[in-house]
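Let's take a walk through this structure together, one site at a time. Have the coordinates open as you read, and follow along residue by residue.

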Amino acid sequence: PDAQGGARVWSAIQIPTVSFSREESNTTALAELGEYIHKVFPTVFNTSFIKHEVVEKYSHLFTVQGSDPSLQPYMLMAHLDVVPAPEEGWEVPPFSGLEQDGFIHGRGTLDNKNSVMAILQALDLLLTRNYQPRRSFFIALGHDEEVYGTKGAQKISALLQARGVQLAFLVDEGSFIMDGLIPSLSKPFAMISVSEKGALDLMLQVNMTPGHSSAPPKETSIGILSAAVSRLEQTPMPNMFGSGTLKKTLEQLANEFPFPGNILLNNLWLFRPLVSRLMERNYITNALVRTTTALTMFHAGIKVNVIPPLARAIINFRIHPAQTVHEVLELVKNIVADDRVQFHVLRAFDPLPISPSDDQALGYQLLRQTIQSVFPEVNIVTPGICIGNTDSRHYANLTTGIYLFNPIYLQPQGFSSIHGINEKISVQAYQTQVKFIFELIQNADADRKHVPHLHEL
Ligand SMILES: CCCCCCCC/C=C\CCCCCCCC(=O)N[C@@H](CCC(N)=O)C(=O)O
Ligand SMILES: [Zn+2]
Ligand SMILES: [Zn+2]
């Protein structure tokens, strides 16, 4: 990859494409970023076998026509928008895109302008070497992922569905080369997420008759609601550890752990109850074993001397793959157990199905093969579950092969910088991401008959 790679990301970071809410985003910046990619990747836009379309004003769909129409196409995804970044706490202003000590700083450097720029740069590099892919592929760049993707990804998906497109697989953000994220596991491992958790945004509401605060009733809407949400916070959803992807992930990682972790994980038939309890001790691993309950919004009261008529809270549940929205709602109602609390589902979807990761799973095996060639020092490549949500779920109608993987090392500090402060990427990590995509595209064109069998890779 060329030496300008860092500089290009640097400029994209300076364009504040913030999604504030479903109704409000910085559309001027989104348009500017669209013009910017056009300016820095002219070859991508001017190649005869690449079609570029703007969807819903700010999202971009590229159709790269391969030379062999018998091969099923795939899709690379990324998003242009970022979450807001108030300046407090940042070492450098979040939209400065400053390059310092080998790092590019700013909002979007990991989530997810790195992928926007790396995908286009890898394609640009291939084009300048006169490469025309054999297998067609799409590049989908959504503009509202951070506010659920209903304008961008959902519309692109509908457009492709109307065209009768079916994808062999797709690759989106959502997982990384995990480096020090699991307590006591110091060796990095690559996790390709093969599913993501579901979600339920639930509003709880209590209505009471307002009145004078000098003669308060025994219970107010605020007190009743507070008790209800507190019960939910104090009563975690059941621990679902024991079957499915996580168990397989841990078994694959077993020998990477020092004693006694290796013994515990190699003998889950015996130590499952203990391991499942240990998983609860850390926020990240806890999120892997259960549906999480996050109290994120609370509104009540209109004046200091008025008994509040209405109290509202919103709870964000992330649903474990072994549960459904319906099951979580039933559990919630049983825990709250108070008829004065009303429930309103604001948004809900079940966990995504599990994408295949066996020897025959083209997308998974291509990612695995490319990880092993670009990151030879990484011993383990394992399927996993993404605890957040991504735009990829909008494409579940087009493919059963949804894979979430960013070819970047993620340390705990990097994890907290995503949607947090001091988000940054090293120039070297960005260039490796370009290299990864550059190789992935070519691997997708290779004759699969000659790709070595899983255990020979
Ligand atoms: C043994 C296995 C260990 C695995 C450790 C997992 C550590 C988790 C690491 C990274 C997770 C990062 C999640 C990034 C993707 C989330 C993207 C996001 O923030 N999405 C938003 C918007 C939702 C949407 N598009 O609908 C969200 O989830 O709220
Ligand atoms: Zn993202
Ligand atoms: Zn995000």
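The side chain of Ser 195 makes a polar contact with the backbone oxygen of Pro 353, at 3.4 Å. This comes from a predicted model, so please read every distance here as a computed value. Ser 195 belongs to strand β9, which covers residues 189-196. Its relative accessible area is 3%, and because anything under 20% counts as buried, Ser 195 is buried.

Leu 331 offers another setting. This residue sits in helix α11, residues 325-336. With 28% relative accessibility, Leu 331 is classed as partly exposed, because that value lies between the 20% and 50% limits. In sequence Leu 331 is 93 residues away from Pro 238, yet their C-alpha atoms are 9.5 Å apart in space.

**The two zinc ions**

Now for the metals. Which residue bridges the zinc ion (ligand 3) and the zinc ion (ligand 2)? The bridge is Asp 111, and the two ions lie 3.3 Å apart. The table sets out the two sites.

| Ion | Protein donors | Donor distances | Angles among the four donor atoms | Spacing in sequence |
|---|---|---|---|---|
| zinc ion (ligand 2) | His 79 (NE2), Asp 111 (OD), Glu 173 (OE), Glu 173 (OE) | 1.9 to 2.4 Å | 57 to 155 degrees | H-x31-D-x61-E |
| zinc ion (ligand 3) | Asp 111 (OD), Glu 146 (OE), Glu 146 (OE), His 419 (NE2) | 2.0 to 2.6 Å | 55 to 149 degrees | D-x34-E-x272-H |

Glu 173 appears twice among the donors of the zinc ion (ligand 2), and Glu 146 appears twice among those of the zinc ion (ligand 3). For four tetrahedral donors, the ideal angle at a metal is 109.5 degrees. The site of the zinc ion (ligand 2) is irregular, with angles of 57 to 155 degrees. His 79 lies in strand β3 (residues 74-79) and Glu 173 in the loop between β7 (170-172) and β8 (177-178), so this pair ties together parts of the chain that are 94 residues apart in sequence. His 79 is buried, at a relative accessible area of 1%, and Glu 173 is buried as well, at 8%.

The site of the zinc ion (ligand 3) is irregular too, with its angles spanning 55 to 149 degrees. Here Asp 111 and Glu 146 link distant parts of the chain, 35 residues apart. Asp 111 is in the loop between β5 (103-105) and α4 (113-128), while Glu 146 is in the loop between β6 (137-142) and α5 (153-162). Both Asp 111 and Glu 146 are buried.

**Around ligand 1**

How many residues surround ligand 1? There are 15, and the closest are Glu 145, Ile 182, Arg 318, Asn 389 and Arg 393. By class, this shell holds seven nonpolar, five polar and three charged residues.

Some of these neighbours make polar contacts. A polar side-chain atom of Glu 145 is 2.8 Å from a nitrogen atom of ligand 1. Asn 389 takes part through its backbone, where a polar atom lies 2.7 Å from a nitrogen atom of ligand 1. In the case of Arg 393, an N or O atom of the side chain is 2.9 Å from an oxygen atom of ligand 1. Taken alone, ligand 1 exposes 750 Å², and the protein buries 92% of that area.

Notes
Residues are numbered from 1 along each chain as its sequence is written. Chains are lettered from A and ligands numbered from 1 in the order in which they are written. This is a predicted model: local features need pLDDT of at least 70, side-chain atom pairs count only at pLDDT 80 or more; totals for chains, interfaces and linings use all residues. Side-chain values use heavy atoms; hydrogens and water are left out. Donors are N, O and S atoms within 2.8 Å of the metal (3.2 Å for Na, K and Ca); water is not among the atoms, so sites may look incomplete. Four donors count as tetrahedral if all angles lie between 85 and 135 degrees; four count as square planar and six as octahedral if opposite donors are over 155 degrees apart and all others between 65 and 115; anything else is irregular. Helices (H or I, at least four residues) and strands (E, at least two) are DSSP runs, numbered from the N terminus. Buried means under 20% relative accessible area, exposed over 50%, partly exposed in between (1.4 Å probe, protein chains only). A residue is near a molecule or strand if one of its heavy atoms lies within 4 Å of it. A polar contact is a pair of N or O atoms within 3.5 Å; within protein, one must be able to donate a hydrogen and the other to accept it, and residues adjacent in sequence count only if both atoms are side-chain atoms. Accessible areas come from the Shrake-Rupley method with a 1.4 Å probe; for residues, only the protein chains shown count as cover. Ala, Val, Leu, Ile, Met, Phe, Trp, Tyr, Cys and Pro count as nonpolar, Asp, Glu, Lys and Arg as charged, and the others, Gly among them, as polar.
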